[in-house]
Amino acid sequence: MNAPTGTQYIITRATEQGEARATITELAASLREFSIGGVDLVESYAESAMPPFADGIVLVPWPNRIEDGTWMLDGEPQTLDITERDRNNSIHGLLRNTGYSLIERTEGSVTLGATIFPQHGYPFHVHTTVRYELVEGGLSVSHTATNLSDAAAPYALGTHPFFKIGDTPIAELTLTMTAATRFESNERLIPTAEVAVPGTDFDLSAGRPVGELDLDMAFAGVEVIDGVAARLTAPDGREVRVTVDENFDFVQLFTPRNFPTLTGIGQVVAIEPMTAAPNAFNTGRGLLWLEPGVEFAATWGVEFSA
């Protein structure tokens, strides 16, 4: 079968919890499957399908949305393609429909690369890589971006994994994350204000069952303890932890109830590390200006304990 997401890169590794296994797609370098000891840890989609809700894909050179697909560069408006037509935004960067090239592959890792070429709305030339590596108890994901342009390029990185813990109903998982602020948004999911989180209904520091949540919201000032930014915990104590390095100060939480899972329409939970806020090309919140010839590197990952 010729999968619509291209080549399926399967990596495996023996761990103390059993075999770790992941499938990464050529298209958008999506994390399509990930399991340890036979326990599925991400919401997968069929090999014959495209990634629903941007499932598992890499988001560069911006995550989330740019309002009206327009931003200013040296006083001149830049106009990107509108890729979220119902809200008239540009969403999730420029590589979501791009095939990544294989750079290196081992039994337990794969490194893929893709280039953002100068185009209307983004007149910059940036080469990117992503390396997925199975490690003891989890998965490490490392990204780079190198500016091949003659001028500084605006850049931000995000990723879009949906998590689960085997067959545990999503609604019964407890989501825990501590953040200083969140972004209030309009009906187009463009931030209108940044407000404090502690002590509000959006304070997840003590944990909340996912079934109680209806979120499509970005948080900032995420507290990272021992590398862990957020965690999902099952009633039996099994846990998925999302780890980040110092580049990821923002996390989008997304809990839609209309996701086409492999067993039917249902609720899922995305924990999306981001290096910048939504609409960062217009607000500058977290946006990196990558100087010519400079390489940016960032790492996030997943830990699982049974």
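This note goes through the salt bridges, pockets and cavities of a predicted model, and ends with one buried histidine, H143.

1. **Salt bridges as a group.** The structure holds 15 salt bridges. The points that follow take up some of them, beginning with those that involve R188, since R188 appears both in a pair with E67 and in a pair with D68.

2. **The pair E67 and R188.** The side chains of these two residues meet in a salt bridge, with a distance of 3.7 Å from N to O. E67 belongs to strand β6, which covers residues 65-67, while R188 sits in the loop between β18 (179-185) and β19 (191-196), so this salt bridge ties together parts of the chain that are 121 residues apart in sequence. The two partners fall into separate accessibility classes: E67 counts as partly exposed, because its relative accessibility is 27%, whereas R188 is buried, with a relative accessible area of 19%. It helps to keep the cut-off in mind when reading the value for R188, because buried means under 20% relative accessible area.

3. **The pair D68 and R188.** R188 also forms a salt bridge with D68, and here the closest N and O atoms are 2.7 Å apart. This pair again links distant parts of the chain, with D68 in the loop between β6 and β7 (70-73) and R188 in the loop between β18 and β19, 120 residues apart. D68 counts as partly exposed, at 33% relative accessibility.

4. **The pair R182 and E184.** Another salt bridge joins the side chains of R182 and E184, at 3.5 Å from N to O. R182 is buried, with a relative accessible area of 11%, whereas E184 is partly exposed, with a relative accessible area of 33%.

5. **A network.** Salt bridges need not come as separate pairs, and in this model R231, E239, R241 and E303 are linked in a network of them.

6. **The largest pocket.** This pocket has a volume of about 360 Å³. Its lining is made up of 19 residues, and those that lie nearest its centre are D40, V42, E43, K164 and L262. Two elements, β2 (18-25) and β3 (31-36), give two or more residues to this lining, and β3 gives the most, with three residues. Sorted by class, the lining of the largest pocket consists of seven nonpolar, six polar and six charged residues.

7. **The second largest pocket.** Here the volume is about 220 Å³, and the lining is formed by 16 residues, of which R65, E84, I91, H92 and R96 lie nearest the centre. The lining of this second largest pocket divides into four nonpolar, five polar and seven charged residues.

8. **The largest cavity.** The structure holds three cavities of 30 Å³ or more, and the largest cavity has a volume of about 50 Å³. Among the residues that line the largest cavity are N64, R65, F183, S185, L189 and P191, together with D216, M217 and A218. Strands β18 and β21 (216-222) each supply at least two residues of this lining, and β21 gives the most, with three. The lining of the largest cavity contains six nonpolar, three polar and two charged residues.

9. **The second largest cavity.** The volume of this cavity is about 40 Å³, and the residues lining it are V58, V60, Y100, T128, T129, V130, H143, T144 and Y155. Both β12 (126-135) and β13 supply at least two residues of the lining, the largest share, three residues, coming from β12. By class, the lining of the second largest cavity has five nonpolar, four polar and no charged residues.

10. **H143, a residue of that lining.** H143 lies in strand β13, which spans residues 138-147, and H143 is one of the residues that line the second largest cavity. Is H143 buried or exposed? H143 is buried, because its relative accessible area is 3% and buried means under 20%. Leaving aside residues up to four places away in sequence, H143 touches V58, T129, V130, L157, F296, A297, A298 and W300. With W300 there is also a polar contact, in which the two side chains are joined at 3.1 Å. V58, T129 and V130, which H143 touches, are themselves among the residues that line the second largest cavity.

How values were computed:
Residues numbered from 1 in each chain as written. Predicted model: local features only at pLDDT ≥ 70, side-chain atom pairs only at ≥ 80, totals over all residues. Heavy atoms only, no water. Helix = DSSP H or I, 4+ residues; strand = E, 2+ residues; numbered from the N terminus. Buried < 20%, exposed > 50% of the residue type's maximum accessible area, 1.4 Å probe, protein only. Polar contact = N/O pair within 3.5 Å; in protein donor to acceptor, adjacent residues only side chain to side chain. Contact = heavy atoms within 4.5 Å. 1 Å grid on protein atoms, 1.4 Å probe; cavity = no way out; pocket = protein on both sides within 12 Å on 5 of 7 lines; lining within 4 Å. Points joined across faces, edges and corners; volume = space filled by probe spheres on them. Nonpolar A, V, L, I, M, F, W, Y, C, P; charged D, E, K, R; others polar. Salt bridge = Lys/Arg side-chain N within 4 Å of Asp/Glu carboxyl O.
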